[in-house]
Amino acid sequence: MVQIRTPWIFQEMLDGMDRMSRCPSWAYGGVEALNNRSAGSLNVTEKTASLQLDFPGVSEEDVNISLESNRIKIEAKRKDARVDSEDVVLRERSFGEFSREYKLPWPVAAEGVQARLEDGVLTLTLERNPDSAPRRIEVKTA
Amino acid sequence: MTEAVTEQQNSQAAPARNVARLEEIRVRPSADVYRNKDAVRILIDVPGARSEDVEVEAHDGVLKVEARVSRGEELRVYERAFRLDRRLDASAIDASLKYGVLSLELPFRAEALPKKIEVRAS
C-alpha cells in the first residue's frame, strides 16, 4: 500500500487558508473530511430555507446573526477551553472566530427568521418575504 | 514520564462507513486532553448529542466513548477510545455534557499523587 504523506508546509498553507476564510475546523466538527459533506447543511425551497451548523462549545451570547435582504451572515466565537493551571496533552479542538455569509435566491422576511442553538447545533429557519413572491398580472383589454 | 492518557488505536476507532437502513456515519470527533496535578480532563465535540445518547465505558484500562445522534436521514456515530494510565482512577470518572461538548474528568489515584513526608527530629 502506498502511503501519501502531506508535507508540513502544505499543512501550514491549509491552516492559513482556514484563517483567511475565517472558518476554523471546529465549525465542521471534523465530519467534512470523512464523508465529503459539510456538517453545515442548507436546504432551500421556493418559500422557506433551513440551515444547520455544528457549533459545539459555543454559547448563545457568542453567536451573531445579521440579515440584509437575501444575505444572511452568521458569526460565532469559540473560546479556549484550557484553564491556566492545565498542561496540554492533546489539542485537536480549535478555537477562534467563525464568519460565513449565505446568499439566498429570494429576500428573507425579517420577522420570519428563527434561530435555535441546541446541544451545540445551530438551526436557522428562514421565510421568503411574501412581497417578493412572483405575482401574476392580468392583462386588461382597453 | 509517560503520558497519563494515550489514544487507543484499534480497528474500531478507524473511520468506517456502514450502510444500514438509516445511513450510519462513523465519525472520529475532535478531542482535547488537559492535565493538572490532580486530574486529567478530556473534552470531545459531539454536536447534537444529549446525555442519553452518550455512552462512556472504562474497562481494562481503556476508556471508550460512543455517542449516537440521528440527524435527518443519517445516524452519526461519534467514537473515540483512549488508553488510560494506571495512575488514573477509572472508577471516579466524572462525565458531563454542555453545548454539545462531552467533558470527562479523571482524577489521579491518591497513591499516585506526590506526598510530602515530614521528617521528625528524634
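Helices and strands here are DSSP runs, helices of at least four residues and strands of at least two, numbered from the N terminus. With that in hand, let us look at some close-ups of this predicted model.

**View 1. Asp60 of chain B sits in a loop between two strands.** The strand before this loop is E6 (54-59) of chain B, and the strand after it is E7 (62-71). Look at the backbone of Asp60(B): its phi is near 50 degrees, a positive value in a residue that is not glycine. Is Asp60(B) buried or exposed? Asp60(B) counts as exposed because it has 7 C-beta neighbours inside 10 Å, and a residue with 12 or fewer is called exposed.

**View 2. Asp119 of chain A also lies in a loop.** Here the flanking strands are E7 (114-118) and E8 (121-127) of chain A. The phi of Asp119(A) is near 50 degrees, again a positive value in a residue other than glycine. How many other C-beta atoms lie within 10 Å of Asp119(A)? There are 19, so Asp119(A) is partly exposed; a residue needs 20 or more to be buried.

**View 3. Chain A and chain B meet in a contact with 26 residues from each chain.** On the side of chain A that touches chain B, helix H2 (32-35) and strand E5 (87-91) each supply at least two residues. Which element of chain A gives the most to this side? That is E5(A), with 5 residues. If you sort the residues on this side of chain A by kind, you will find 11 nonpolar, 7 polar and 8 charged.

**View 4. A strand of chain A pairs with a strand of chain B.** The partners are E5(A) and strand E4 (residues 31-35) of chain B. They pair in the antiparallel sense, over 4 bridges. To find your way along the pair, start at Val88(A), which stands opposite Tyr34(B) in E4(B).

**View 5. Chain B is built with 10 strands and 0 helices.** Follow the chain along its sequence and you will read the pattern β-β-β-β-β-β-β-β-β-β. Chain B has 122 residues, and 30% of them count as buried. Now consider the contacts in chain B between residues at least 6 apart in sequence: what percentage of them join residues at least 24 apart? For chain B this comes to 55%.

Technical notes. Residues numbered from 1 in each chain as written. Chains lettered and ligands numbered in written order. Predicted model: local features only at pLDDT ≥ 70, side-chain atom pairs only at ≥ 80, totals over all residues. Contact = placed C-beta atoms within 7 Å. Nonpolar A, V, L, I, M, F, W, Y, C, P; charged D, E, K, R; others polar. Pairing = 2+ DSSP bridges.
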